Amino acid sequence: MTQTQDILDIASLGQIAPPRRPAAEQKRTFLSIWFRCCHVYGRLYRNAARTSYNGCCPRCRNRARVLVRSDGTTRRCFQAI
Ligand SMILES: [Zn+2]
């Protein structure tokens, strides 16, 4: 019974991905997000399929998601709505 809030912005995976690095270093990519519900910053982590960034508000656990598309924005900061 989880609710996911879609965010209107979409992220461009190709353009925001960090430079290629050795496979040994597989840091999880994340986006910063501003949760308006609680006025706090949080992080969205990329899913395994690299199709979206998912996370939730650190205070109220409100879930948020940013979709990844090749034609999306290159911004790395988002607001949860
Ligand atoms: Zn919240």
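Is R50 buried, exposed or partly exposed? With a relative accessible area of 48%, R50 is partly exposed, because that class ends where values rise over 50%. The residue belongs to the loop between β3 (40-46) and β4. Its backbone also deserves a look. R50 has a positive phi of about 60°, although it is not a glycine. Most residues other than glycine have a negative phi.

The structure is a predicted model. Its average pLDDT is 75. A score of at least 70 is reached by 64% of the residues. One stretch, residues 10-16, stays under 50. For this stretch the model has 31 contacts beyond four places in sequence. Where pLDDT is low, the predicted coordinates should not be read in detail.

The chain holds one helix and six strands. Read along the sequence, these elements follow the pattern β-α-β-β-β-β-β. The chain has 81 residues, and 31% of them count as buried. Its accessible surface comes to about 5,800 Å². Carbon and sulfur atoms contribute 48% of that surface. Contacts with a separation of 6 or more were also examined. Of these, 50% join residues 24 or more positions apart.

The zinc site comes next. Four protein donors lie 2.3 Å from the zinc ion: the SG atoms of C37, C38, C57 and C60. In sequence, the donor residues are spaced C-C-x18-C-x2-C. The angles among the four donor atoms run from 105 to 117°. The site is therefore tetrahedral, since four donors qualify if all angles lie between 85 and 135 degrees. The ideal angle for four tetrahedral donors is 109.5 degrees. Two of the donor residues can be set side by side in terms of accessibility. C57 has a relative accessibility of 0% and so counts as buried. C60 has 39% and so counts as partly exposed.

Strands β4 and β5 form a hairpin, with six residues between them. Strand β4 covers residues 52-56, and β5 covers residues 63-68. The two strands pair in the antiparallel sense over five bridges. One of the pairings involves N54, whose bridge partner in β5 is R65. Side chains alternate along β5. A64, V66 and V68 point to one face and are buried. R63, R65 and L67 point to the other face and are not buried.

The turn of this hairpin contains R61, in the loop between β4 and β5. R61 is not a glycine, yet it has a positive phi of about 65°. At 53% relative accessibility, R61 counts as exposed, because the cut-off for that class is over 50%. R50, at 48%, is partly exposed.

A further loop residue is T29, which lies between α1 (13-16) and β2 (30-35). Is T29 buried or exposed? Its relative accessible area is 12%, so T29 is buried, because the limit for burial is under 20%. Which residues does T29 touch, leaving aside its neighbours within four places in sequence? T29 is in contact with L44, Y45, R46, Y53 and R76. Of these partners, L44, Y45 and R46 fall within the range of β3 (40-46). Y53 falls within the range of β4 (residues 52-56).

How values were computed
Residues numbered from 1 in each chain as written. Predicted model: local features only at pLDDT ≥ 70, side-chain atom pairs only at ≥ 80, totals over all residues. Heavy atoms only, no water. Donors = N, O, S within 2.8 Å, 3.2 Å for Na, K, Ca; no water. Tetrahedral: all angles 85-135°; square planar, octahedral: opposite > 155°, others 65-115°. Buried < 20%, exposed > 50% of the residue type's maximum accessible area, 1.4 Å probe, protein only. pLDDT = per-residue confidence, 0-100. Contact = heavy atoms within 4.5 Å. Helix = DSSP H or I, 4+ residues; strand = E, 2+ residues; numbered from the N terminus. Areas by Shrake-Rupley, 256 points an atom, 1.4 Å probe, with all protein chains shown as cover. Pairing = 2+ DSSP bridges.
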